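Dear colleague,

I am handing over the structure we spoke about, and below it you will find what was found in it. Please read the notes with the structure open beside them.

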Amino acid sequence: MTDLLLATPADPVPNARARRLGLAGICFGFLIITIDTTAVNVALGPIVSDLGGSLAGAQWIVSAYTLVFATFLLSGGAWADRIGSRAAFLIGLGVFGLASAACAAAPSMEALVAARAAQGLGAALLMPCSLALITHTFAAGPERRGALAAWGGISGLGLSVGPVLGGALVDWIGWRFIFLVNLPVAVVAGVAVYAFVTETGRHRHPFDLPGQALVVAALGCLCGAFILAGEFGWEAPETIGLLVAGVVAALALARIERLVPLPMIPPELFRNQVFRSVVVVAGLYNFGFYGALFCLSLDLHEQLGLSPFDTGLALLPLTAVIGVIAFASGRMIARLGEWRAVLIGLGFGAGGAALMAVFGGESVTGTILCSIPFAGIALTMQAMTALAMEGAPRERIGLASGVQNAARQAGGALGVALLGTLLVAGSGLALHLPMAVVSAAYLVSMGLALAGRRRTRSAAAPGSAGA
């Protein structure tokens with residue numbers, strides 16, 4: 001058995017100016033992930049019309065990306081620990097850029113779905129490495145908190161700009177250009193990270209191949225089952241077979257991870273009750289967030305008849321408020337504390353989803369107005385990230401960030417698959433059922449967050465912050 005085969009020290013931390021430029025490169029690398037996600041949502045109708053397909057094809061365009069993103073985040077974090085987070089980040093940028101070019105050139109729906117899966121592989125390196133590089137570059141406290149706020153703010157910017165930029169490109173040039181815009185951003189990010197970010201320490205861990213295979217099988221089968229349910233029904237043999245296979249793979253994964261010497265999902269991480277609560281809340285957060293954006297985009301375009309650009313404009317009030325909250329989240333979280341920020345964000349998310357469930361989809365104006373309170377959910381993400389990273393051992397920071405973000409992306413993949421199917425559960429597209437499910441998921445998350453906060457308070461010394 002091999003344990004830690006080799007550990008090398010990190011390079012010296014650069015000066016303040018270099019740290020700021022390096023942070024800009026890290027954030028630009030993260031930006032292409034968020035812009036790509038939201039831009040694709042408003043382009044789904046034209047893509048399906050051009051390449052052929054159905055709602056299931058639209059779901060696979062999104063889910064292929066998030067599925068691979070989620071299932072390889074864990075290995076991506078472990079690989080970053082092994083070769084260094086800067087090297088892994090640069091490789092991720094290269095993979096994402098090449099896959100974006102393949103998406104732009106895709107001649108068929110199958111080729112596009114395959115290229116989207118390759119994009120997910122690049123993103124699986126970019127996401128955990130961005131957090132690991134920030135943790136490596138900035139000292140704990142206000143400096144790191146500010147860097148994480150900037151990282152989250154860039155995410156908000158991508159969410160705000162993505163739908164409008166994507167809609168404009170689709171209407172004025174063509175849907176293929178929503179993927180080509182990633183290329184210059186990836187080049188700028190790569191140059192900045194290479195020049196101004198130092199390498200992290202390297203810790204060589206064996207890979208957990210059985211665990212990786214079972215994660216792919218479990219999440220792939222469950223997503224496939226949810227999508228097939230929209231085409232063939234929940235009673236169809238194909239749907240039931242994939243559901244059973246997904247559950248069996250998940251149970252086998254839980255068993256295997258307790259038996260292998262160095263598991264991909266270390267059980268000891270989950271012995272920390274706070275970390276466990278944060279990971280579950282993270283999954284439910286993206287389940288509702290990605291699923292809601294997918295359903296809103298399709299409803300505005302297909303049901304209410306908006307063009308891709310007008311769909312982007314209709315989403316702008318929601319995404320712009322998300323961007324503002326993301327940029328201000330550092331100060332807000334410092335004042336509120338992490339757990340209180342999580343609870344407030346989830347409360348807005350649950351309330352906004354409930355409004356859309358009752359009143360959304362009837363008119364463009366009504367849907368826009370009902371969607372705005374949902375933007376409060378943005379306060380949750382940065383607080384969750386801070387809570388998860390605080391509980392991670394420094395030598396396993398890449399893997400721990402991978403676990404937390406894998407839960408988020410797995411939730412997003414399942415949300416698009418399930419909520420997209422519920423969107424057409426009646427005679428036509430309707431937001432009522434999927435948004436009701438989102439609201440219920442966020443209410444459950446609030447209960448979990450309250451339990452996590454109680455555990456934090458009981459374990460902390462009197463007067464500690466963030467409770």
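Gln 212 counts as buried because its relative accessibility is 9%, which falls under the 20% cut-off for that class. Please bear in mind throughout that this is a predicted model. Gln 212 lies in helix 8, and once its neighbours within four places in sequence are left aside, its contacts are Thr 71, Phe 72, Ser 75 and Met 264. Helix 8 itself has 24 residues, which should span 34 Å at 1.5 Å a residue, and its end C-alpha atoms lie 33 Å apart, in agreement with that expectation. Just after helix 8 comes Gly 233, which takes a positive phi of about 100°.

Gly 233 appears again among the contacts of Thr 239, which, leaving aside its neighbours within four places in sequence, touches Ala 225, Leu 228, Ala 229, Gly 233 and Trp 234. Thr 239 is placed in helix 9 and is buried, with a relative accessible area of 0%.

As for the whole protein, the model has 16 helices and 2 strands. Its radius of gyration is 21 Å, close to the 23 Å that the globule rule gives for 467 residues, so the protein is as compact as a globular protein of that length. The C-alpha trace spans about 60 × 45 × 45 Å along the principal axes, and 59% of the 467 residues count as buried. Of the contacts with a separation of 6 or more, 85% are between residues 24 or more positions apart.

Since you may want to look at the open and enclosed spaces, I take the pocket before the cavity. The largest pocket has a volume of about 810 Å³ and is lined by 28 residues, with Leu 253, Ile 265, Val 279, Ala 407 and Ala 410 nearest its centre. Two or more lining residues are given by each of helix 2 (55–83), helix 8 (209–232), helix 9 (237–259), helix 10 (273–303) and helix 15 (397–423). Sorted by class, the lining of this pocket holds 22 nonpolar, 3 polar and 3 charged residues.

How many cavities of 30 Å³ or more does a search of the whole structure find? The search returns 6 of them, and the largest cavity holds about 210 Å³ of space. That cavity is lined by 23 residues, of which Ser 155, Leu 159, Phe 289, Met 381 and Arg 408 lie nearest its centre. At least two lining residues come from each of helix 1 (16–51), helix 5 (142–172), helix 10, helix 11 (308–336), helix 14 (378–390) and helix 15. By class, the lining of the largest cavity divides into 13 nonpolar, 9 polar and 1 charged.

Gly 283 is a useful residue to follow here, as it lies in helix 10 and, not counting residues up to four places away in sequence, touches Ala 407, Arg 408 and Gly 411. Of these, Ala 407 is among the residues nearest the centre of the largest pocket, while Arg 408 is among those nearest the centre of the largest cavity. Gly 283 counts as buried at 11% relative accessibility, and its C-alpha is 23 Å from that of Leu 133, a residue 150 places away in sequence.

Leu 133 brings in helix 4, which covers residues 109–137. Helix 4 has 29 residues and reaches 41 Å from its first C-alpha to its last, close to the 42 Å expected at 1.5 Å a residue, and it is mostly covered, with 23 of its 29 residues buried.

Two further residues complete the account. Is Leu 98, in helix 3 (residues 85–104), buried or exposed? Leu 98 is exposed, because its relative accessible area is 66%, which is over the 50% cut-off; its C-alpha is separated by 9.0 Å from that of Ala 115, 17 residues apart from it along the chain. Ala 186, by contrast, counts as buried at 10% relative accessibility and has its place in helix 7 (residues 182–196). Not counting residues up to four places away in sequence, Ala 186 touches Ile 32 and Leu 93, and its C-alpha lies 9.4 Å from that of Phe 30, although the two are 156 residues apart in sequence.

With best regards

Technical notes:
Residues numbered from 1 in each chain as written. Predicted model: local features only at pLDDT ≥ 70, side-chain atom pairs only at ≥ 80, totals over all residues. Heavy atoms only, no water. Helix = DSSP H or I, 4+ residues; strand = E, 2+ residues; numbered from the N terminus. Expected span 1.5 Å × (residues − 1). Buried < 20%, exposed > 50% of the residue type's maximum accessible area, 1.4 Å probe, protein only. 1 Å grid on protein atoms, 1.4 Å probe; cavity = no way out; pocket = protein on both sides within 12 Å on 5 of 7 lines; lining within 4 Å. Points joined across faces, edges and corners; volume = space filled by probe spheres on them. Nonpolar A, V, L, I, M, F, W, Y, C, P; charged D, E, K, R; others polar. Rg over C-alpha atoms; globule rule 2.2 N^0.38 Å. Contact = heavy atoms within 4.5 Å.
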